[in-house]
Amino acid sequence: MSDHVVDPELLAIMQCPACGGELAERPEPPALVCTACRLVYAVVDGIPNMLVDEAVPEAEEER
Ligand SMILES: [Zn+2]
C-alpha cells in the first residue's frame, strides 16, 4: 500500500501545532487530522499545511 499522504517519517515527528496532539493521515481529500482536537490540516502535493489559522475543525468541514 502506498496511500500515504505524507512521508511516514515526517508524520512520525510531527504533532498538532494547536494542541501538541498526535496526527493521523486521511487519504481523501488528503489531510492530517489531529487525534486530540480534530483539527484538519490540508495536504497539498505531500506538503502539510500546518497553519492553525487555516486548519478546519473536522466537524465543520464541508463535503
Ligand atoms: Zn490538536
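Biologist: How many helices and strands does the chain have?

Modeller: Keep in mind that this is a predicted model. Reading off the elements, you get 1 helix and 5 strands.

Biologist: And in what order do the elements run from the N terminus on?

Modeller: The helix leads and the strands follow, so to speak: α-β-β-β-β-β.

Biologist: How do I judge the overall form? What radius of gyration would a compact globule with 63 residues have?

Modeller: The rule of thumb scales with the number of residues to the power 0.38. With 63 residues, that puts a compact globule near 11 Å, and the chain has 11 Å, which agrees. If you prefer a box, the C-alpha atoms fill roughly 30 × 25 × 15 Å along the principal axes.

Biologist: What share of the residues is buried?

Modeller: Buried here means 20 or more other C-beta atoms within 10 Å of a residue's own. In this chain, 17% of the 63 residues are buried.

Biologist: Which residues make up the largest nonpolar core?

Modeller: There are 10 of them: C16, L23, A31, L32, V33, C34, L39, Y41, V43 and A55. Both β2 (31-34) and β3 (39-44) supply at least two residues of this core, and β2 gives the largest share, 4 residues.

Biologist: Let's zoom in on one core member. Which residues is C34 in contact with, leaving aside its neighbours within four places in sequence?

Modeller: C34 is in contact with C16, A18, C19, G21, L23 and L39.

Biologist: And across the whole chain, what part of the contacts joins residues at least 24 apart?

Modeller: Take the contacts between residues at least 6 apart in sequence: 16% of those join residues at least 24 apart.

Conventions: Residues are numbered from 1 along each chain as its sequence is written. This is a predicted model: local features need pLDDT of at least 70, side-chain atom pairs count only at pLDDT 80 or more; totals for chains, interfaces and linings use all residues. A nonpolar core is a set of buried Ala, Val, Leu, Ile, Met, Phe, Trp, Tyr and Cys residues joined through C-beta atoms within 7 Å. A residue is buried if 20 or more other C-beta atoms lie within 10 Å of its own, exposed if 12 or fewer, and partly exposed in between; C-beta atoms are placed from the backbone. Two residues are in contact if their C-beta atoms, placed from the backbone, lie within 7 Å. The radius of gyration is taken over C-alpha atoms; the globule rule is 2.2 Å times the number of residues to the power 0.38.
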